[in-house]
Amino acid sequence: MASLRTAVGILRPAPPFPAIALFVGSNVVGRGRGGVLDPRVSREHALISVSEEEGEVSFSLTCLGALMCVSKGGVVARLARDDAIPLAAGDSISLLPKLHRFELELAGRSTAAPPATVPATEAAA
């Protein structure tokens with residue numbers, strides 16, 4: 001029987017698109033995930049690294065595409081390829097300027113949807 005992994009974070013897009021579960025380790029975000037079908041977004045547009053130590057979860061974002069935006073407390077920063085920035089719950093990312101916006105939430109801390117669980121074999125794919 002495959003073990004289950006529980007999401008520690010969620011990227012929540014504007015409805016009706018599906019949320020993207022984030023797991024400890026590397027999480028690739030791009031075209032084909034979270035309802036994003038825009039050909040201007042690469043399949044591997046962003047990398048969100050998640051680590052957990054002593055119950056504390058931390059997130060960092062690396063831009064793998066040509067350009068993306070991050071809003072931290074209303075202040076928008078533009079990231080170019082290979083730029084990295086730490087993320088916190090409540091921050092939002094846009095895979096393109098003003099398009100394909102997702103907000104970072106801690107799993108289990110929102111009333112919107114329960115945290116996703118998937119077999120470890122699927123999460124590693």
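Let's start with a single pair of residues: Ser 94 has Arg 101, in strand 11, as its bridge partner. Keep in mind that you are looking at a predicted model. The two strands around this pair are strand 10 and strand 11 (residues 99-106), which run antiparallel and are joined over 4 bridges.

Now look at Ser 92, which lies in strand 10 (residues 92-96). Is Ser 92 buried or exposed? Its relative accessible area is 5%, and because buried means under 20%, Ser 92 counts as buried. Leaving aside residues up to four places away in sequence, Ser 92 touches Cys 69, Val 70 and Ser 71, as well as Arg 101, Phe 102 and Glu 103.

Next, step back to the sheet that holds these strands. Strands 10 and 11 belong to an open sheet of 6 strands, ordered 3-2-11-10-7-8 with antiparallel pairing. Strand 3 (20-22) and strand 8 (75-80) are the edge strands, each pairing on one side only. From one strand to the next, the twist in this sheet averages 25°.

There is also an open sheet of 4 strands, where the order is 4-5-6-9 and the pairing is antiparallel. Which strands stand at the edges here? They are strand 4 (25-29) and strand 9 (84-87); each has a single partner strand, so one side of each is left without a neighbour in the sheet. The twist in the 4-5-6-9 sheet averages 25° from one strand to the next.

To finish, follow strand 9 to its partner. Strand 6 (residues 56-63) pairs with strand 9 in the antiparallel sense, over 4 bridges. Within this pairing, Ser 60 has Pro 86 of strand 9 as its bridge partner.

Technical notes:
Residues are numbered from 1 along each chain as its sequence is written. This is a predicted model: local features need pLDDT of at least 70, side-chain atom pairs count only at pLDDT 80 or more; totals for chains, interfaces and linings use all residues. Side-chain values use heavy atoms; hydrogens and water are left out. Two strands pair if DSSP finds at least two bridges between them. Axes are lines fitted to C-alpha atoms, for helices over the stretch in contact, and angles run from 0 to 180 degrees between N-to-C directions. Buried means under 20% relative accessible area, exposed over 50%, partly exposed in between (1.4 Å probe, protein chains only). Contact means heavy atoms within 4.5 Å.
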